[in-house]
Amino acid sequence: MYAREATSITYPHLDISMGHHEISHHNFEPVKLAALAKIKRGPIQAVRLLPEQTRRLKEGSSTLLDHSLIMYGSDLSVPTSHSQHDLPIIVAGGRPGASAGGRYIRYPGDTTPLTNLYLTMLDKVGVPTEKFGDSTGKLNRLEV
């Protein structure tokens, strides 16, 4: 998170004068969608490189990526309507064999809160937790 939710932060370095919140409620207007894409490009490029960079760093007999669990995404899929269906979430890392990677997994949107992912991630990093926010249980299908 770069600022508080509903922020009006602007991006003068990207020649964007509209506030972020106004842009995020784009209503599919081409100018706002283009601005949003321009804003998101930098952070997405950085996250895209993170797994490869941490894979190169040795930590003991494995790598920093093996000892990390990285999540990047959003709690809204369509900010215009505040939709929480089909959230765009990337999870990378974890010790070899702990999770099968390179997959697209779709969970039922009406019945699977994002906090289930947080609960699962806590378990994977050795912090077993029974409940997190509105979680209803750990996610299946992340295992090998």
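Colleague: Why is Lys-32 called buried?

Modeller: In this predicted model, Lys-32 has a relative accessible area of 13%. The class requires a value under 20%, so Lys-32 is buried.

Colleague: What makes the contact between Glu-22 and Lys-32 a salt bridge?

Modeller: The side chains of Glu-22 and Lys-32 meet at 4.0 Å, N to O. The rule asks for a Lys or Arg side-chain nitrogen within 4 Å of a carboxyl oxygen of Asp or Glu, and the pair is therefore counted as a salt bridge. Glu-22 belongs to helix 1 and Lys-32 to helix 2, ten residues apart, and the pair links distant parts of the chain.

Colleague: How do you know that Glu-22 is partly exposed?

Modeller: The relative accessibility of Glu-22 is 42%. Buried requires under 20% and exposed over 50%, so Glu-22 falls in between and counts as partly exposed.

Colleague: With which other residue does Lys-32 form a salt bridge?

Modeller: That partner is Glu-29, the closest N and O atoms being 3.9 Å apart. Glu-29 is partly exposed, because its relative accessible area is 36%.

Colleague: What makes Arg-56 and Glu-52 a salt bridge, and where do they lie?

Modeller: Their side chains meet at 3.6 Å, N to O, and the cut-off is 4 Å. Both residues lie in helix 2, four residues apart, about one turn of the helix. Residues three or four places apart in an α-helix point the same way, because there are 3.6 residues a turn.

Colleague: Why is Arg-56 called exposed, and why is Glu-52 called partly exposed?

Modeller: Arg-56 has a relative accessible area of 59%, and exposed means over 50%, so the term applies to Arg-56. Glu-52, at 33% relative accessibility, counts as partly exposed. Elsewhere, salt bridges that share partners join Glu-22, Glu-29 and Lys-32 into one network.

Colleague: How do you know that the span of helix 2 is close to the expected one?

Modeller: Helix 2 covers residues 30-56, 27 in number, and reaches 39 Å from its first C-alpha to its last. At 1.5 Å a residue, 39 Å is expected. Helix 2 nevertheless has a kink of about 35° at Arg-41, shortly before the proline Pro-43.

Colleague: Which elements do the buried residues of helix 2 pack against?

Modeller: They pack against helix 1, strand 2, strand 3 and strand 4. The buried residues of helix 2 include Leu-36, Ile-39 and Pro-43.

Colleague: What makes Ser-62 buried, and what joins its side chain to that of His-67?

Modeller: Ser-62, in strand 2, has a relative accessible area of 17%; the limit is 20%, so Ser-62 is buried. A polar contact of 2.6 Å joins the side chains of Ser-62 and His-67, where the definition allows up to 3.5 Å.

Colleague: What is notable about phi in His-82 and in Asp-86?

Modeller: His-82 has a positive phi of about 60° although it is not a glycine. Phi of Asp-86 is near 55°, also positive in a residue other than glycine. Most residues other than glycine have a negative phi. His-82 lies in the loop between strand 3 and strand 4, and Asp-86 is found in that loop.

Colleague: Why is Lys-131 called exposed?

Modeller: Its relative accessible area is 52%, and the class begins over 50%, so Lys-131 is exposed. Lys-131 lies in the segment after helix 3.

Definitions and conventions
Residues are numbered from 1 along each chain as its sequence is written. This is a predicted model: local features need pLDDT of at least 70, side-chain atom pairs count only at pLDDT 80 or more; totals for chains, interfaces and linings use all residues. Side-chain values use heavy atoms; hydrogens and water are left out. Helices (H or I, at least four residues) and strands (E, at least two) are DSSP runs, numbered from the N terminus. Buried means under 20% relative accessible area, exposed over 50%, partly exposed in between (1.4 Å probe, protein chains only). The expected span of a helix is 1.5 Å times one less than its number of residues. The bend at a residue is the angle between axes fitted to the seven residues ending there and the seven starting there. Contact means heavy atoms within 4.5 Å. A polar contact is a pair of N or O atoms within 3.5 Å; within protein, one must be able to donate a hydrogen and the other to accept it, and residues adjacent in sequence count only if both atoms are side-chain atoms.
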